[in-house]
Amino acid sequence: MSRRFSEETMTAAMREMAAALNVSPDGARLIQLTNNAVFALPRPGIVIRIARTHQLLDRVAKVIQLGRWFAEIDAPTIRLARDVEQPIEFGGLVASVWQYVPPHPPALTVEDLGLVLREFHALGVPPFPLPTWDPISDARRRLTDADGLSNPDHNFLVDWCDRLEPEVAAFNEHGTRTLIHGDAYVGNLLRESSERTVMCDFDATCVGPWQVDLAAVAVGEARFGAAGRHRALAIAYGFDVTSDASWTVLREARELKMIAAAVPLLATSPSVAAEFANRLHSVQQDDPTARWRPFAELAVPTRSRR
């Protein structure tokens, strides 16, 4: 990812977008700098999410369409900002704008995640086209923004995609299709003042086997620690995904996503590049016990959650 997607560029774009919305950027804070630059503007009560790679601009239109549908059916999700024509653009950058949800106790848990996922999966498939769960194509797209990726690492990731692709296709064909969030973990939950738990970040939302959304916590526990989180999720949701016949495919697909996500950032963040190398090496060595660190913490050391 070149400097056209740097923090400085994103901050300048956020200020221009805020001006176009006729709101003040004073007090704005950067809360995420990965594939999106996400800024919270508590005073006007909005969140601006700016796409940081042109390869994923189609997702901006998708999440806006989803946001409108979620409001119509009162889904357990955050809402688009009111009275804002979306998307908004500045200097070739595209963003969506959402209502800001201030932090509200108590702290969110995997039990909350399990319960809201059951509600989310019961929404049904939207009355408009959505992509099918396809972690392989997603990984391949990220490889096109591969500044800083060595040829051996590139070739390993391509070979991994080639091997896993037919297994994912078979699972998609035979699994029960529903709306899936695509990146279901506690960090993508918020608690409203009404105490309702809602989901956010719909970049990866698609249609596919519901088990996909349960794999994130199970793989995250294996790679990041925090023992007991997967069991708590399984109890709240009512299903242990590690007992599923397709668990190996789910695990590999999730790990591929967790590694490929860093590819566009390798040239701009030495700490992310080091963690990327650690993750890739553990997969190459077939070491399921190797511990990983979250990329988001490395990309923005002082990052806070919305």
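How many of the six residues of strand β3 (residues 46-51) are buried? Six of the six are, so strand β3 is largely enclosed by the rest of the structure. Here buried means under 20% relative accessible area, with exposed over 50% and partly exposed in between (1.4 Å probe, protein chains only). The model is predicted: local features need pLDDT of at least 70, side-chain atom pairs count only at pLDDT 80 or more, and totals for chains, interfaces and linings use all residues. Residues are numbered from 1 along each chain as its sequence is written, and side-chain values use heavy atoms, with hydrogens and water left out.

Strands (E, at least two residues) and helices (H or I, at least four) are DSSP runs numbered from the N terminus. From β3, Ile-46, Ile-48 and Ile-50 point one way, while Val-47, Arg-49 and Ala-51 point the other way. Strands pair if DSSP finds at least two bridges between them. Strand β2 (residues 36-41) runs antiparallel to β3 and is joined to it by six bridges, with Ala-40 opposite Val-47. Four residues separate the two strands of this hairpin, in which Gly-45 takes a positive phi near 75°. Strand β5 (residues 93-99) is also antiparallel to β3, through five bridges; there Ile-48 stands opposite Val-97.

Strand β5 also leads to the aromatic residues, since Trp-98 lies in it. Rings of Phe, Tyr and Trp (its six-membered ring) pair if their centres lie within 6.5 Å; planes under 30 degrees apart count as stacked, over 60 as edge-to-face and the rest as tilted. The count comes to nine aromatic pairs. In one of them, Trp-69 and Phe-128 have ring centres 6.1 Å apart and planes at 90°, so the pair is edge-to-face. Trp-69 belongs to helix α2 (residues 58-73) and Phe-128 to the loop between α3 (110-121) and α4 (135-143), so the contact ties together parts that are 59 residues apart in sequence. Trp-69 counts as buried at 8% relative accessibility, and Phe-128 at 12%. The rings of Trp-98 and Phe-202 have centres 6.0 Å apart and planes at 50°, so this pair is tilted. Phe-202 lies in the loop between β8 (197-199) and β9 (206-209), 104 residues from Trp-98, and both residues are buried. These four residues, with Phe-70 and Phe-120, form one aromatic cluster.

Helix α8 (residues 247-260) offers a further enclosed element: 11 of its 14 residues are buried, so the helix is largely enclosed by the rest of the structure. Among the buried residues are Trp-247, Glu-252, Arg-254 and Glu-255.
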